[in-house]
Amino acid sequence: MDIQILQKQADTLRFLSADMIEKANSGHPGVALGLADVLTTLSLHLKHNPKNPNWLNRDRLVFSGGHASALIYSFLHLCGYDLSLEDLKNFRQLHSKTPGHPEISTSGIEIATGPLGQGVANAVGFAMAAKKAACLLGEELINHKIYCFLGDGDLQEGISYEACSLAGLHQLDNLILIYDSNNISIEGDTALAFNENVKMRFEAQNFEIQEIDGHDFNAINEALILAKNCKKPSLIIANTKIAKKALELEGSHKSHGSPLGKDIIKRAKINSGFNPELDFEIPQDVKIRFEGAIELGDLEEAKWKVKLENSDKKELLEELLNPDFSKIIFPDFKDKDLATRDSNGEILNILAKNLKGFLGGSADLGPSNKTELHDMGDFIEGKNIHFGIREHAMAAINNAFARYGLFLPFSATFFIFSEYLKPAARIAALMKIKHFFIFTHDSIGVGEDGPTHQPIEQLSTFRAMPNFLTFRPADGVENVKAWKIALNADIPSAFVLSRQKLKALKEPVFGDVENGAYLIKESQNAKFTLLASGSEVNLCLEVANELEKNKISCNVVSMPCYELFKEQNKDYQKRLLKGKVIGVEAANSNELYEFCDELYIMKSFGESGKEKEVFEHFGFSTLKLCNFLLKL
């Protein structure tokens, strides 16, 4: 290796990052300067094509510490991705292609890692997806690596432990984690809150460990060669200096989240042989070295395409890339009384049998969630992924499956435990990826398990999320229709499902599930319209029938998807909502005030007891809801 040019490349990355942050007067220079040597050396090993960022067999590079975005963007620009020097100068500006933390709208960004720790799980997800892809398409076509940069903060987040535990279990030898060990966090030395032996931790999780000087190009290179040939997941502990070469700020926590200052940058440039008066300087020899990735990437992809042409996997690959949902024959649940978790279980199995890329699993709740894919085997060869009790890692791993390009993943748990995975669900929505969330045991209908396991506020929090569809079907027919919508939507969806059996509904009177809400019962000159979802729809139908005995006409609207109903025009909404509109849900659904005059909802946590007794206690019975309406 030519150490001199490598050093010049690394310093170019450093000063581009420092200049970006200085111009924006905002950013995180410490990590960018500290990791520049490692990233420069990694560029010698990375298999990618800047002119085709979506090439399937490329290596994936994940920055779990997304605050290192200035370094990421500098690297992508130098390698020839669709990211101009002007884009670097617009760092952290409104509508720029270089936001403060990486987003997938930027060419070359594999995944939006978001909060610390997510990227580690995303990297594990990419590694798992690659193993599954190789199982389907063969190792001749899928043989790439996944590299992930992580820091002290990532390792302190519990999600990283969850994910790495799974990586070790599955012996993901395509996964290489590079730990930027600089012993600094925002508040100071990491010893203030973190003193565990990371090496022993990862050894216990079945990783191969190497520890190196993160500024020694030869040591970094040798470690990468060893890691690429290892038969289990690798962790390279790179001991680095935060803000390397930033003079008096080198090694200081003060360099973490504030610009370095023009004077320090100028003196650092002088010390490294750069022109202190030039901002965003890119030496020609450095540009040529980095842009070599274009020619090498084109060559690698061309060789790969020849292998694909000569393989018998072209048709399968096309099916994985472009699944056909129109040919799926869904179960017929008409007139069948079922818990929606049961109807959903049948739907999942149909999808898995018909779609090669459909797969997923539960956080150790498969039998309860009804998410077991029967006779379809276990990961890696099969479609059932056993995530263990790791909700957060499960969702972040499946985000990576969705981003990989070949798979349609689902994540399952009890609705109350959606709290453990919410950050990953939010990132899925931000990226607009097709990731299906299965949440069973949807309400106080959980009964005996009590208030700790009865979701009250969760429905509202998911409905509040942009780019996300939350379905709470009232029977199996609604469940099927919801899945048809979700499969064709380019955003994530959640299915909030009952444990208890629900009566099958009659045909819609006006509208349908695709409208988010529809009339299931209509009366002339309705005094009330009862708006409900899930298990409460049948309750409202019973109440409407009782009110008619008292000469009080009442409409009933089933609203399986609040978000879709919001999108309907005012004329459609008015057609459904006649008279006094009452929202009825066994949740604290205050968002229903957008459509309703009064709400009949949960205003406290639940209670432990038999399901019917708990519903009765909180007023979700025909008699109590009728009495409430008669008083209005």
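These legends go with a handful of close-up views of a predicted model.

**View 1. The largest cavity.** The structure holds three cavities of 30 Å³ or more, and this close-up shows the largest, with a volume of about 190 Å³. Its lining is made of 18 residues, and those closest to the centre are L61, L76, G108, I109 and E110. Strand β1 (60-63) and helix α3 (69-79) each give at least two residues to the lining. What kinds of residues make up this lining? The split is 12 nonpolar, three polar and three charged.

**View 2. A salt bridge between α1 and α10.** There are 32 salt bridges in the structure, and here is one of them. D19 pairs with K269, with the closest N and O atoms 3.0 Å apart. D19 sits in helix α1 and K269 in helix α10 (residues 262-271), so this pair ties together parts that are 250 residues apart in sequence. Are the two partners buried or exposed? D19 is buried, because its relative accessible area is just 5%, and K269 is buried as well, at 2%.

**View 3. A salt bridge inside one helix.** E291 and K287 meet through their side chains in a salt bridge of 3.0 Å, N to O. Both belong to helix α11 (residues 284-309), where they are four residues apart, about one turn of the helix. E291 is partly exposed at 29% relative accessibility, and K287 is partly exposed too, at 31%.

**View 4. A loop pinned to a helix.** Take a look at D512 and K481: they form a salt bridge, and their closest N and O atoms are 3.0 Å apart. D512 comes from the loop between β12 (493-496) and β13 (518-521), while K481 comes from helix α18 (residues 476-488), so the pair ties together parts that are 31 residues apart in sequence. D512 is partly exposed, with a relative accessible area of 22%; K481 is partly exposed at 24%.

**View 5. A salt-bridge network.** Which residues join up here? D11, R14, D37 and K245 are linked in a network of salt bridges. As a bit of background, side chains of opposite charge can pair when their charged atoms come close.

**View 6. A nonpolar patch on the surface.** M1, I3 and L44 make a nonpolar surface patch of about 250 Å². M1 lies in the segment before α1 (3-24), and M1 is partly exposed, with a relative accessible area of 44%.

**View 7. Far apart in sequence.** E613 is part of helix α22 (residues 611-617) and is exposed, at 53% relative accessible area. E613 and G447 are 166 residues apart in sequence, yet 8.1 Å apart in space, C-alpha to C-alpha.

Note on methods:
Residues numbered from 1 in each chain as written. Predicted model: local features only at pLDDT ≥ 70, side-chain atom pairs only at ≥ 80, totals over all residues. Heavy atoms only, no water. 1 Å grid on protein atoms, 1.4 Å probe; cavity = no way out; pocket = protein on both sides within 12 Å on 5 of 7 lines; lining within 4 Å. Points joined across faces, edges and corners; volume = space filled by probe spheres on them. Nonpolar A, V, L, I, M, F, W, Y, C, P; charged D, E, K, R; others polar. Patch = residues over 30% accessible without salt bridge, like charges linked within 9 Å, V, L, I, M, F, W, Y side chains within 5 Å. Areas by Shrake-Rupley, 256 points an atom, 1.4 Å probe, with all protein chains shown as cover. Salt bridge = Lys/Arg side-chain N within 4 Å of Asp/Glu carboxyl O. Buried < 20%, exposed > 50% of the residue type's maximum accessible area, 1.4 Å probe, protein only.
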